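Student: I would like a close look at a single part of this chain, taken slowly and in connected prose. Please begin with one residue and its surroundings, and then work outward to the rest of the fold.

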Amino acid sequence: GINAEYGGVSLGSNMIIRPATRASFSPLGRRNFSSQSFTSRVPFVDKTSQHKTLVRVRGRGSPALGLNSFVAPSATLTGNVALFENASVWYGAIVRGDYRGVKIGHYANVQDNSIVSDAPVRISEDNDGSTVIGHFSSIGHSCYLHACTVEDKCIVGMGSTLCENSYMETESMLGAGSVLFPDSRVRSHELWLGNPAKFVRHLTEQEIDYLEFTAQKYGVVAYLHSLEFEGLDTSFREAERLRLWKDLGLHKGSSLHRSQMDDEAFRLLRKKFSQGSQIDFQSLKQWLSEQYKVKFG
């Protein structure tokens with residue numbers, strides 16, 4: 001035994017430090033750990049996060065962010081990635097432009113825990129290996145997109161996979177949990193679903209309107225989230241936020257928590273512009289555009 005001190009704390013004379021030994025492996029591949037496989041040393045824990053949100057890749061450059069775009073602090077963008085105005089990449093998402101690049105359009109959103117990557121080589125005459133997500137398109141939670149194309153105003157449902165050289169045309173939808181195989185093409189106004197994904201039916205007019213509205217909603221939510229990560233000078237944006245609450249009949253003295261106020265604001269927005277079970281998208285767009293300078297395609 002030895003007397004050891006770690007971080008100013010005495011470990012005592014009964015502390016026995018053993019060298020860590022390599023685990024043995026049986027022919028069946030099972031790991032046979034013995035007590036000698038572990039060390040009695042105080043374990044090292046790095047309390048400083050090594051995470052980087054924007055990562056430069058040598059020879060590929062650094063991610064480029066458009067005006068009012070939002071990248072969550074726990075997301076990662078690497079290399080040749082371009083976010084257009086008001087695009088958003090959410091918590092835990094990874095966008096890797098290590099080769100040919102990734103482009104994410106105006107108001108497009110890559111939601112929590114999704115992965116978007118490119119390919120190292122050209123894979124067809126029409127696809128140079130890059131991944132493109134068009135304007136006002138929404139990529140649901142936990143999706144994987146690789147060297148594919150999603151045109152404007154599309155929705156990719158949660159947990160879906162788009163394989164290389166797959167293609168979604170403007171105003172189309174892929175259902176949750178689907179796998180769009182290589183070289184598959186979803187036509188405009190179509191809903192595909194399954195593994196492998198196949199045509200199910202054509203979208204209704206209300207569903208087509210909802211495609212763009214989803215991206216608009218994420219644009220506003222991204223703005224609210226960005227308020228929490230701004231620098232010291234947030235007075236202007238906070239004033240805008242309070243004005244939105246006031247316009248919707250909410251007030252600063254409410255008993256609701258800050259995040260609950262945001263939720264309530266969106267509930268009232270939907271109620272304000274609803275006609276029965278239908279949402280008056282045109283009036284909502286006009287009101288947001290006039291009051292808060294939200295831009296729509």
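Tutor: Leaving aside residues up to four places away in sequence, Asp 98 touches Val 57, Arg 60, Thr 78 and Asp 118. This is a predicted model, and the description that follows should be read with that in mind. Asp 98 is found in strand S10, which covers residues 94-104, and with a relative accessibility of 13% it falls under the 20% limit and therefore counts as buried. Its side chain meets that of Arg 96 in a salt bridge, with 2.6 Å from N to O. Arg 96, by contrast, is partly exposed, its relative accessible area being 41%, so this salt bridge pairs a buried acid with a partly exposed base.

The strand that carries Asp 98 has several partners. Strand S8 (residues 76-83) pairs with S10 in the parallel sense over seven bridges, and within that pairing Gly 79 stands opposite Gly 97 of S10. S10 is also joined to strand S12 (residues 115-117) by three bridges, and these two strands run parallel; here the bridge partner of Arg 96 is Ser 117 in S12. Arg 96 thus has a backbone partner in S12 as well as a side-chain partner in Asp 98. A further parallel pairing, over three bridges, links S10 with strand S13 (residues 131-133), where Val 102 stands opposite Thr 131. As background, the strands of a sheet pair through backbone hydrogen bonds, in either a parallel or an antiparallel sense.

The salt bridge at Asp 98 can be set beside others, since a search of the whole structure finds five of them. In one, the side chains of Lys 153 and Glu 212 meet with 3.4 Å from N to O. Lys 153 lies in the loop between strand S16 (149-150) and strand S17 (155-156), while Glu 212 belongs to helix H1 (residues 205-226), so this pair ties together parts that are 59 residues apart in sequence. Glu 212 counts as buried, at 7% relative accessibility.

In another salt bridge, Arg 187 is joined to Glu 169, with the closest N and O atoms 2.9 Å apart. Arg 187 lies in the loop between strand S22 (185-186) and S23, and Glu 169 in the loop between strand S19 (167-168) and strand S20 (173-174), so the contact ties together parts that are 18 residues apart in sequence. Glu 169 counts as buried at 13% relative accessibility, whereas Arg 187 is partly exposed, with a relative accessible area of 44%. Salt bridges that share partners also bring in Arg 185, so that Glu 169, Arg 185 and Arg 187 form one network.

Helix H1, which holds Glu 212, deserves a closer look of its own. Its 22 residues should span 32 Å at 1.5 Å a residue, and its end C-alpha atoms are 32 Å apart, which agrees with that expectation. H1 nevertheless bends by about 30 degrees at Leu 211.

S17, S20 and S23, met above through the loops that they border, belong to an open sheet of eight strands with mixed pairing, in the order S7-S9-S11-S14-S17-S20-S23-S24. Strand S7 (70-71) and S24 stand at its edges, each with a single partner strand, so one side of each is left without a neighbour in the sheet. At the S7 edge, two bridges join S7 to strand S9 (residues 88-89), the two running parallel, and the bridge partner of Phe 70 is Ser 88 in S9. At the other edge, strand S23 (residues 190-194) and strand S24 (residues 197-202) pair in the antiparallel sense over five bridges. S23 and S24 form a hairpin with two residues between them, and the bridge partner of Gly 194 is Ala 197 in S24.

These parts sit within a chain of four helices and 26 strands. Of its 297 residues, 39% are buried, Asp 98 being one of the buried residues. Among contacts between residues at least 6 apart in sequence, 26% join residues at least 24 apart. The accessible surface of the chain comes to about 17000 Å², and 52% of it belongs to carbon and sulfur atoms.

Note on methods. Residues numbered from 1 in each chain as written. Predicted model: local features only at pLDDT ≥ 70, side-chain atom pairs only at ≥ 80, totals over all residues. Heavy atoms only, no water. Pairing = 2+ DSSP bridges. Salt bridge = Lys/Arg side-chain N within 4 Å of Asp/Glu carboxyl O. Buried < 20%, exposed > 50% of the residue type's maximum accessible area, 1.4 Å probe, protein only. Contact = heavy atoms within 4.5 Å. Areas by Shrake-Rupley, 256 points an atom, 1.4 Å probe, with all protein chains shown as cover. Expected span 1.5 Å × (residues − 1). Bend = angle between axes of the 7 residues up to and from the residue.
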